[in-house]
Amino acid sequence: MSSKWWVWRVVRVGVCTKKCGGGNQYRHRECNSPVPKHGGSDCTGLGQAIEKQNCNINPCPVDGGYSEWGEWGTCSKTCGTGQQTRNRSCNNPEPTMEEETVLTWG
């Protein structure tokens, strides 16, 4: 009795190899519909047992970093105790927050 592939029954589906930035996900099928018996052929020539797809293809989030400090501003008083301020921005690099996407089997 010859065998054929089981229809992509979820024997084993791996998690995506990366959380973001493009990874791979694999699924496996078994040659057991029915199991070959009495010299029947296996699933050779009927396609692959493992299928791969891309997953989590969105770019990874980037944590922001501060720029260099700017120049000191003018003192709030000309005599006595005053205040001066200086600024820096969160743009070195600018933060990004991309959502993860998992593709479905097509």
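What is the mean pLDDT of the protein chain, and what share of its residues reach 70 or more? The mean is 79, and 79% of the residues get to 70 or more; pLDDT is the predictor's confidence in each residue, on a scale from 0 to 100. This is a predicted model, so local features need pLDDT of at least 70 and side-chain atom pairs count only at pLDDT 80 or more, while totals for chains, interfaces and linings use all residues. Residues are numbered from 1 along each chain as its sequence is written, and side-chain values use heavy atoms, with hydrogens and water left out.

**Stop 1: the whole chain**

Switch to cartoon and colour by secondary structure. You should find 0 helices and 3 strands, arranged along the sequence as β-β-β. Helices (H or I, at least four residues) and strands (E, at least two) are DSSP runs here, numbered from the N terminus.

Now colour by pLDDT. Among the elements, β3 has the highest mean pLDDT, at 88, and β1 the lowest, at 64. Then select residues 99-106, where the pLDDT is below 50; beyond near neighbours in sequence, this stretch has 20 contacts in the model. A contact means heavy atoms within 4.5 Å. Across the protein chain, 66% of the contacts with a separation of 6 or more come from residues 24 or more positions apart.

Turn on the surface next. The accessible surface comes to about 8,300 Å², with 51% of it belonging to carbon and sulfur atoms; areas come from the Shrake-Rupley method with a 1.4 Å probe, and for residues only the protein chains shown count as cover. Of the 106 residues, 15% count as buried. Buried means under 20% relative accessible area, exposed means over 50%, and partly exposed is in between (1.4 Å probe, protein chains only).

**Stop 2: C16 and C55**

Show the cysteines as sticks. A disulfide is a pair of cysteine sulfur atoms within 2.5 Å, and by that rule the count is 2. Start with C16 and C55, which are joined with an S to S distance of 1.9 Å. This pair links distant parts of the chain: C16 is in the loop between β1 (12-13) and β2 (23-28), C55 is in strand β3 (residues 50-55), and they sit 39 residues apart. Check the dihedral too: the torsion about the S-S bond of C16 and C55 is about 95°, so the disulfide is right-handed. C16 is buried, with a relative accessible area of 18%, and C55 is buried as well, at 0%.

**Stop 3: C20 and C60**

Select C20 and C60 for another disulfide, with S to S at 2.0 Å. The torsion about the S-S bond is 105°, and the link of C20 and C60 is right-handed. This one also links distant parts of the chain, 40 residues apart, with C20 in the loop between β1 and β2 and C60 in the segment after β3. Are C20 and C60 buried or exposed? C20 is buried at 16% relative accessible area, whereas C60 counts as partly exposed at 34%.

**Stop 4: C79 and C90**

Why does C79 not bond with C75? The closest cysteine sulfur to that of C79 is the one in C75, but it is 9.5 Å away, so it is too far for a bond. C79 is exposed, with a relative accessible area of 60%. Click on C90 as well, which is partly exposed at 41%.

**Stop 5: between β2 and β3**

Select R27 and E51. A salt bridge is a side-chain nitrogen of Lys or Arg within 4 Å of a carboxyl oxygen of Asp or Glu, and by this rule the count is 1. That salt bridge is R27 with E51, where the closest N and O atoms are 2.6 Å apart. The pair links distant parts of the chain, with R27 in strand β2 and E51 in strand β3, 24 residues apart. R27 is buried at 15% relative accessible area, while E51 is partly exposed at 26%.

**Stop 6: backbone oddities**

Head into the segment after β3, where N56 lies. N56 has a positive phi of about 45° although it is not a glycine, and at 5% relative accessibility N56 counts as buried.

Finish on P93, which also lies in the segment after β3. Which kind of peptide bond joins N92 and P93? The bond is cis, with omega about 0°.
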